[in-house]
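Where do the nonpolar side chains of this chain gather, and what is left at the surface? A short report follows the structure.

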Amino acid sequence: MLLLLLGIIVLHVAVLVLLFVSTIVSQWIVGNGHATDLWQNCSTSSPGNVHHCYSSSANEWLQSVQATMILSIIFSVLSLFLFFCQLFTLTKGGRFYITGVFQILAGLCVMSAASIYTVRHPEWHFNSEYSYGFAYILAWVAFPLALLSGVIYVILRKRE
């Protein structure tokens, strides 16, 4: 049982790290000396030398992506906190429903954010010199892992 709990906690922390990195790092769209993320657009002349960084546009769709990524982090942190609270207060045989629901909500939020970004980002559709960066891919990797950990929480029963 201890190894199972440790594995669940490691999976949850991995999802949190993926969510934080994908939200913070400036690598959602890369190419042609530019790197774009949810917060700013940066142009470089050579690898590692940043010359200009501008705030991202104030489009409604980008603000919704920002909000859903932040919500996914909040739901996942709240889920981890609730897991530890339920671990010590839940009766024997009880299930971690609340923890699982919040983790599933975190997964759905990150999926919504990545889907909106995929559909609405104009540079990807009009210019083939751009490609998705590693932070965008990490967001998509965090989605199934968050759903998986949420389902595990819902199925998990507390034992002594």
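The text below goes from the overall fold to the cores, then to one helix and one surface patch.

**Overall fold.** This is a predicted model. The protein chain has five helices and five strands. Read from the N terminus, its elements run α-β-β-β-β-α-α-α-β-α. Of its 160 residues, 40% count as buried. Contacts across the sequence are a major part of the picture: among contacts with a separation of 6 or more, 69% join residues 24 or more positions apart. The protein chain exposes about 8,600 Å², and carbon and sulfur atoms supply 70% of that area.

**Cores.** In soluble globular proteins, nonpolar side chains tend to be buried together. Here, the largest nonpolar core holds 22 residues. L19, W28, L38, V65, M69, V110 and Y117 touch the most other members. The elements that give two or more residues to this core are α1, α2, α3 and α5. The largest share comes from α5, with six residues. Apart from this core lies another, of seven residues, including L5, L87, F96 and Y153.

The four contributing helices have these ranges:

| Helix | Residues |
|---|---|
| α1 | 2-24 |
| α2 | 60-89 |
| α3 | 97-120 |
| α5 | 134-155 |

**W28.** What does W28 touch, not counting residues up to four places away in sequence? The list includes L38, M69 and Y117, each named with W28 among the core members that touch the most others. W28 also touches S22, T36, D37, S131, Y132 and G133. From α5 (134-155), the partners of W28 are A135, Y136 and A139.

**Helix α5.** The 22 residues of α5 should span 32 Å at 1.5 Å a residue. The end C-alpha atoms are 32 Å apart, so the model agrees with the expected span. Its buried residues are A135, Y136, A139, A142, F143, A146, S149, G150 and Y153. They pack against α1, α2, α3 and β5, a strand at 131-132. Y153 thus appears in two lists: it is a buried residue of α5 and a member of the seven-residue core.

**Surface patch.** Which residues form a nonpolar patch on the surface? They are W39, I70, L71 and I74, with about 330 Å² of accessible area together. I70 lies in helix α2. Its relative accessibility is 37%, so I70 counts as partly exposed; the partly exposed class lies between 20% and 50%.

Notes. Residues are numbered from 1 along each chain as its sequence is written. This is a predicted model: local features need pLDDT of at least 70, side-chain atom pairs count only at pLDDT 80 or more; totals for chains, interfaces and linings use all residues. Side-chain values use heavy atoms; hydrogens and water are left out. Patches are made of residues with over 30% relative accessible area and no salt bridge: like charges are joined within 9 Å, nonpolar side chains (Val, Leu, Ile, Met, Phe, Trp, Tyr) within 5 Å. Accessible areas come from the Shrake-Rupley method with a 1.4 Å probe; for residues, only the protein chains shown count as cover. A salt bridge is a side-chain nitrogen of Lys or Arg within 4 Å of a carboxyl oxygen of Asp or Glu. Helices (H or I, at least four residues) and strands (E, at least two) are DSSP runs, numbered from the N terminus. Buried means under 20% relative accessible area, exposed over 50%, partly exposed in between (1.4 Å probe, protein chains only). A nonpolar core is a set of buried Ala, Val, Leu, Ile, Met, Phe, Trp, Tyr and Cys residues joined through side-chain atoms within 4.5 Å. Contact means heavy atoms within 4.5 Å. The expected span of a helix is 1.5 Å times one less than its number of residues.
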